[in-house]
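This briefing is intended for a reader who is new to the structure shown below. It proceeds by topic, from strand pairing to helix packing and the contact between chains.

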Amino acid sequence: MTETSAKASIADRVAEATPPTVARRVRSLSDRAIAWLFISPTIALLLAINIFPLFWTIYLSFTSYKANRPNAPIVWLGTTHYENILSDPDIWHSMQVTAHFVFWTVAIETVLGFALAYLIDRRFRGHAFWTTVILIPMMLSPAVVGNFWKFIYQPQIGLFNYAITFFTGGDPAAFQMLGEVSLAPWAIVLVDVWMWTPYVMLICLAGLRSIPDYIYEAAEVDRASRWRQFWSITVPMALPFIMLAVLFRGIENFKMFDMVNLLTGGGPGSTTETASITLKREAFESWKTGYSSALAIILFVAVFGLANIYVKALNRVKQR
Amino acid sequence: MKKLLALATGLTAAALVSAASVEKASAAGELTLCWAAWDPANALVELSKDFTAETGTTMKFEFVPWTSYADRFLNELNSGGKLCDLILGDSQWIGGSAENGYYVKLNDFFEKEGISMDDFLPATVLGYSEWPKGSPNYWALPAMGDVVGWTYRKDWFERPELQKEFKEKYGWDLGPPATYDQLMQIAEFFQGREIDGKTVYGASIYTERGSEGITMGVTNVLYDYGVEYQNPDKPYDMQGFVNSPGAVAGLELYKKLYQCCTPPGASNVYMGESIDAFKSGQVAMHMNFAFTWPGLYKDENVGGDKVGYFPNPAGPAGHFAQLGGQGISVLANTDNMDGALSYIKWFVGLDVQKKWMELGGFSCAIAVLESPEFQASSPYAKTFLDSMAIVKDFWAEPAYAELLQAMQKRVHDYVVADQGTAQEALDELVQDWTEVFESEGKL
């Protein structure tokens with residue numbers, strides 16, 4: 001039996017097995033209607049768990065609603081919450097903390113991630129093993145990472161202080177990574193870099209491996225130096241991938257909560273209180289639902305706007 | 001044939017008996033009790049087995065770690081969830097839970113069952129049951145008495161060489177401190193000292209930022225230094241009461257204690273971390289709620305004769321301690337109201353209260369606490385009673401969560417992050433609290 005005749009017989013059997021009424025009904029639907037039929041469950045789900053809450057949050061952001069006062073009247077406040085948030089120095093402080101965290105983590109992860117990808121791409125002996133080892137941190141749960149780095153940073157028993165003072169001398173208990181205002185913001189940056197550099201490396205590695213060998217061979221023929229090849233071939237061709245990694249890490253770290261919450265809880269004082277921690281405190285500890293909805297919308301617009309601008313830039317780079 | 005009849009009769013009887021017991025169990029139903037996950041909760045599980053044996057009610061328990069206890073259960077209450085039939089809610093929740101109708105008002109039930117609040121320590125009735133405060137409106141039965149107190153390394157304090165050195169340095173005998181000045185001196189004395197080849201530190205105090213830790217710690221000093229939450233003659237008037245010169249001095253002392261005399265890395269310490277510091281032999285003294293004392297007493301390394309207990313020391317303006325603990329309330333939306341109320345009725349029994357204390361809970365019943373057996377029952381019994389006599393509590397207003405968050409921020413910023421002055425921190429706190437009460441329409 002040929003392949004074509006086998007397919008025909010399967011189709012015949014399916015046609016026979018389909019009840020005539022159903023078949024007729026399906027036949028009478030247009031392609032567009034069938035498409036809608038298939039995507040409507042997904043759309044319903046999206047509307048229920050994404051779109052409706054978004055519009056509900058927008059509505060709440062203009063009201064005095066507090067989730068812990070279900071019986072209190074809801075008063076329409078207009079843009080009062082937005083005005084208060086944008087003129088609140090504590091909110092601006094948490095934005096600065098977030099900006100510091102996002103900038104330094106993304107910058108360091110990009111440089112290190114690309115460097116690691118470049119090394120791994122050399123395909124040296126044992127590179128597969130080292131790739132797996134490097135990837136381990138990103139496979140862990142942020143909750144686990146937060147907890148064990150808390151122990152690593154412990155001034156009396158933690159490895160970090162011992163390692164530093166092993167090289168510099170002095171008393172390991174003389175400084176506290178999580179308890180000092182000057183060090184705590186860098187402590188959380190370091191943990192994020194440790195955990196997520198492998199992720200950036202993975203994306204960059206995909207970019208590096210997508211560059212065809214013949215381009216390097218042509219450059220060799222033209223006697224282009226390694227340095228020139230790196231700047232004229234490797235970097236421009238891997239750039240869309242690097243930018244993608246920056247986008248992913250930027251968005252992720254803008255809304256960073258779990259790891260920072262476990263490591264410092266936003267402290268000491270409010271030194272590491274990122275926007276997400278402020279949002280959680282206002283929403284679920286102070287129960288200022290209307291106010292926190294406005295803050296959530298502002299954060300959403302900020303991330304969405306910045307991501308859009310960035311994606312446009314990314315597309316432009318890709319088109320070059 | 002007779003045998004067959006006897007067998008049939010037996011089977012029928014057995015079926016009837018089992019049907020009756022099934023009916024009884026379903027009538028008694030089941031109850032879910034919500035609380036924090038800690039040692040007293042385990043004691044309550046043990047205790048509640050007697051209730052199940054007596055009534056046939058199946059008891060289920062929902063225990064949540066302290067760090068997420070408030071988040072979890074306030075969320076449950078606010079969302080109208082039906083997880084809990086009974087709850088041991090924190091003392092500060094009483095205002096919100098009463099005003100929002102989450103808890104059942106128990107006055108009629110108490111009257112009907114002959115339960116008198118006079119049978120409980122007055123401080124626990126005020127702290128755990130009453131809303132508005134000072135009015136005879138009861139929303140909970142005092143269930144678990146708790147208060148912030150201190151433990152110290154008795155074995156270190158009793159070492160002759162340390163006693164001699166201490167006396168020479170400070171001019172008084174090394175012993176449990178009666179005032180905060182004395183506590184400070186002892187903490188300084190032990191800070192960084194080598195004991196048995198190990199570096200030890202003065203004291204472990206609450207510094208936690210995320211939930212309520214630093215507030216539950218600093219208030220012990222602030223009360224002693226004269227902090228009042230409001231003008232006694234003008235409710236919600238806080239200017240000059242929360243940020244009085246005494247309050248500033250108290251806050252400065254807490255910061256001094258944190259900076260001088262706590263172990264390295266103690267910037268985010270609450271109950272768990274504090275007890276760990278003491279159990280691991282790091283500190284000479286440790287601040288914690290009294291519920292930790294039975295466990296510490298049993299500890300192989302630092303318990304028994306090695307540990308001593310003392311109430312929160314006095315300050316220049318008085319002698320107070322921060323109230324902890326919880327009352328037990330019935331949820332208004334429970335499907336098993338009769339069962340929940342019968343649990344309260346059972347729990348209040350004297351024998352049950354005595355057993356509660358034996359198992360590791362802290363009863364609030366006067367008959368239990370003032371009995372000679374209790375006073376002789378453990379080395380910490382007297383300290384517990386002395387501490388319960390001097391308690392004060394944080395705001396229990398419906399807006400307590402906002403008030404607490406503001407205090408956590410202002411105090412942590414000053415004490416741990418070393419930002420601004422004590423006066424600025426307290427002035428800002430008054431400003432924050434004023435805004436909260438203004439938004440509540442109380443100012």
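B:Leu33 has B:Phe61 of strand E2 of chain B as its bridge partner. This pairing belongs to a predicted model. Strands E1 (residues 30-36) and E2 (residues 58-64) of chain B run parallel to each other and are paired over seven bridges.

**The β-α-β unit and the sheet**

- Helix H2 (residues 39-55) of chain B joins with E1(B) and E2(B) in a β-α-β unit, and this unit is right-handed.
- E1(B) and E2(B) also take part in an open sheet of five strands, ordered E2-E1-E3-E11-E4 in chain B, with mixed pairing.
- Each of the edge strands, E2 and E4 (141-144) of chain B, pairs on one side only.
- From one strand to the next, the twist averages 30°.
- E4(B) runs antiparallel to strand E11 (residues 326-330) of chain B, and three bridges join the two.
- B:Met144 has B:Gln326 of E11(B) as its bridge partner.

**Helices packed on the sheet**

- Helix H3 of chain B packs on the sheet, where it touches E1, E2 and E3 (86-90) of chain B.
- The direction of H3(B) makes about 110° with that of E2(B).
- Helix H14 (residues 337-347) of chain B packs on the sheet as well, touching E1, E3, E4 and E11 of chain B.
- The direction of H14(B) makes about 145° with that of E11(B).

**A helix pair in chain B**

- Helices H10 (residues 213-224) and H11 (residues 245-261) of chain B have axes that come within 8 Å and cross at roughly 140°.
- Because of that angle, H10(B) is oblique to H11(B).
- The crossing in which H10(B) passes H11(B) is right-handed.
- H10(B) contributes B:Val218, B:Val221, B:Leu222 and B:Asp224 to the contact, while H11(B) contributes B:Ala247, B:Gly250, B:Leu251, B:Leu253 and B:Tyr254.
- By class, the residues of this contact between H10(B) and H11(B) are seven nonpolar, one polar and one charged.

**The contact between chains A and B**

- Chain B gives 24 residues to the contact and chain A gives 27 residues.
- On the side of chain B that touches chain A, helices H3 (66-78) and H19 (400-415) of chain B are the elements that give two or more residues.
- H19(B) supplies the largest share of that side of chain B, with six residues.
- The side of chain B that touches chain A comprises six nonpolar, 12 polar and six charged residues.

Technical notes. Residues are numbered from 1 along each chain as its sequence is written. Chains are lettered from A and ligands numbered from 1 in the order in which they are written. This is a predicted model: local features need pLDDT of at least 70, side-chain atom pairs count only at pLDDT 80 or more; totals for chains, interfaces and linings use all residues. Axes are lines fitted to C-alpha atoms, for helices over the stretch in contact, and angles run from 0 to 180 degrees between N-to-C directions. Helices (H or I, at least four residues) and strands (E, at least two) are DSSP runs, numbered from the N terminus. Angles under 35 degrees count as roughly parallel, over 145 as roughly antiparallel, 65 to 115 as roughly perpendicular and the rest as oblique. A crossing is left-handed if the near helix is turned anticlockwise from the far one by less than a right angle, and right-handed if clockwise. Two residues are in contact if their C-beta atoms, placed from the backbone, lie within 7 Å. Ala, Val, Leu, Ile, Met, Phe, Trp, Tyr, Cys and Pro count as nonpolar, Asp, Glu, Lys and Arg as charged, and the others, Gly among them, as polar. Two strands pair if DSSP finds at least two bridges between them. A crossover is right-handed if, with the strands pointing away from the viewer, the path from the first strand over the helix to the second runs clockwise.
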